[in-house]
Amino acid sequence: MYRIDLNSDLGESFGRYTLGLDDQIIPLVSSANIACGQHAGDPVVMRKTVGMAKDAGIAIGAHPGYPDLQGFGRRDMHLSPDEAYSYMLYQIGALQAFCSAQGVQLAHVKPHGQLYNHAAIDSELAAALAQAVRDVDPKLVLVGLANSALVDEGRKLGLVTAEEFFADRNYTDEGRLVSRNDPAALIRDEEHAIERVKNAIREGAVLSVTGKLVDLHPDTLCVHGDSPSALAFVSRIRQELEQDDIAIKAVGAE
């Protein structure tokens, strides 16, 4: 039987700013990537989101990003590998504390936004991020873009890695995500997106934005749920996968 982890980026509200439909998304996914207060989130939101994920029995992961609340972690910051290591360590440790306080294990780490994108192609940066994960806990799963430098560097350090596929994003011929500045970045046709997901899981391949076949073998599928329409999309993806006997389980779960 085929299986896939269904993950979502959550806990991205902070202060008086509210983003996302976390309470409605959490029952639909198998893993939560929780913002750690640098690109989004704050201590109160982190604690609350860990609690909701614990109650739902889903895997909890840290979602560290560039220290850029105003830019939501999507702007280039050009941190040195040493700086990136420190910010990574800081954020993972913060979420790990909230997990420990509530008696649950931190299961994985998935970098956010431009930090994630840069680590996909920059081996030196990727190595620094992977080292930070290993130094916190070598049992943590490192989540990265399928076929990326981050996945490669994590494996070199002996980490369990999870190759990620995005349900609603187009890919370049090189297997990277099409930039959000490009009108073709997002896939808005639900039928098309769902078929791409199924093909990626079953065939290990996806068509790029130009029609080239790109090999990838996803372990985890990212679904975004920060709008009412996205919520319906996540619900439908889960239903379609289950109808096709594709099991939805967190990476490493029995």
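Is aspartate 245 buried or exposed at 51% relative accessibility? It counts as exposed, because the cut-off for that class is over 50%. Keep in mind that this is a predicted model, and that the figures here are computed from it.

**Two residues with positive phi**

Aspartate 245 sits in the loop between α8 and β10 (247–248). Its phi is near 60°, a positive value in a residue that isn't glycine. For background, most residues other than glycine have a negative phi.

Phenylalanine 72 has a positive phi too, near 55°, and again the residue is something other than glycine. You'll find phenylalanine 72 in the loop between β3 and α3 (81–101). Phenylalanine 72 is buried, because its relative accessibility is 15% and the cut-off for buried is under 20%.

**The overall fold**

Stepping back, the protein chain has eight helices and 10 strands. Its C-alpha atoms fill a box of roughly 40 × 40 × 35 Å along the principal axes. For 254 residues, a compact globule would have a radius of gyration near 18 Å, and the chain's 17 Å agrees with that. Of the 254 residues, 54% count as buried. As for how the chain contacts itself, take the contacts between residues at least 6 apart in sequence: 70% of them join residues at least 24 apart.

**The pockets**

Here are the two largest pockets, side by side.

| Pocket | Volume | Lining residues | Nearest the centre |
|---|---|---|---|
| Largest pocket | about 980 Å³ | 45 residues | Arg74, Arg169, Arg180, Leu186 and His224 |
| Second largest pocket | about 330 Å³ | 23 residues | Ala59, Leu106, Ala107, His108 and Val251 |

If you care about the chemistry of the walls, the lining of the largest pocket splits into 16 nonpolar, 15 polar and 14 charged residues. β1 (3–10), α4 (113–121) and α8 (228–243) each supply at least two residues of that lining. The largest share comes from α4, with seven residues.

The second largest pocket has a lining of 11 nonpolar, seven polar and five charged residues. The elements giving two or more residues to that lining are β1, β2 (31–35), β3 (59–63), β4 (106–109) and β5 (141–145). β4 gives the most, with three residues.

**α4, up close**

Since α4 gives the largest pocket the largest share of its lining, the helix deserves a look of its own. Seven of its nine residues are buried, so α4 is largely enclosed by the rest of the structure. Those buried residues are Gly113, Gln114, Leu115, Tyr116, His118, Ala119 and Ala120. What covers them includes two helices, α5 (123–136) and α6 (149–156), along with the strands β5 and β6 (161–166).

**Alanine 107 in β4**

Alanine 107 lies in strand β4 and is among the residues nearest the centre of the second largest pocket. Alanine 107 is partly exposed, because its relative accessible area is 28%, between the cut-offs of 20% and 50%. Once you leave aside neighbours within four places in sequence, alanine 107 is in contact with Ala59, Ile60, Lys139, Leu140 and Val141. One of those partners, Ala59, is also listed nearest the centre of the second largest pocket. Leucine 140 is 33 residues away from alanine 107 in sequence, yet the two are 5.5 Å apart in space, C-alpha to C-alpha.

**Threonine 220 in β9**

Which strand holds threonine 220? That would be β9 (residues 220–222). Threonine 220 is buried, with a relative accessible area of 1%. Its side chain makes a polar contact of 2.7 Å with the side chain of asparagine 7. Leaving aside neighbours within four places in sequence, threonine 220 is in contact with Ile4, Asp5, Asn7, Val143, Ala162, Glu163, Glu164, Phe165 and Val251. Among these partners, Val251 also turns up in the list of residues nearest the centre of the second largest pocket.

Technical notes. Residues are numbered from 1 along each chain as its sequence is written. This is a predicted model: local features need pLDDT of at least 70, side-chain atom pairs count only at pLDDT 80 or more; totals for chains, interfaces and linings use all residues. Side-chain values use heavy atoms; hydrogens and water are left out. On a 1 Å grid over the protein atoms alone, a cavity is a set of points where a 1.4 Å probe fits but cannot get out, and a pocket is an open set with protein on both sides within 12 Å along at least five of seven lines; lining residues have an atom within 4 Å of a point. Grid points are joined across faces, edges and corners, and a volume is the space filled by probe spheres set on the points. Helices (H or I, at least four residues) and strands (E, at least two) are DSSP runs, numbered from the N terminus. Ala, Val, Leu, Ile, Met, Phe, Trp, Tyr, Cys and Pro count as nonpolar, Asp, Glu, Lys and Arg as charged, and the others, Gly among them, as polar. Buried means under 20% relative accessible area, exposed over 50%, partly exposed in between (1.4 Å probe, protein chains only). A polar contact is a pair of N or O atoms within 3.5 Å; within protein, one must be able to donate a hydrogen and the other to accept it, and residues adjacent in sequence count only if both atoms are side-chain atoms. Contact means heavy atoms within 4.5 Å. The radius of gyration is taken over C-alpha atoms; the globule rule is 2.2 Å times the number of residues to the power 0.38.
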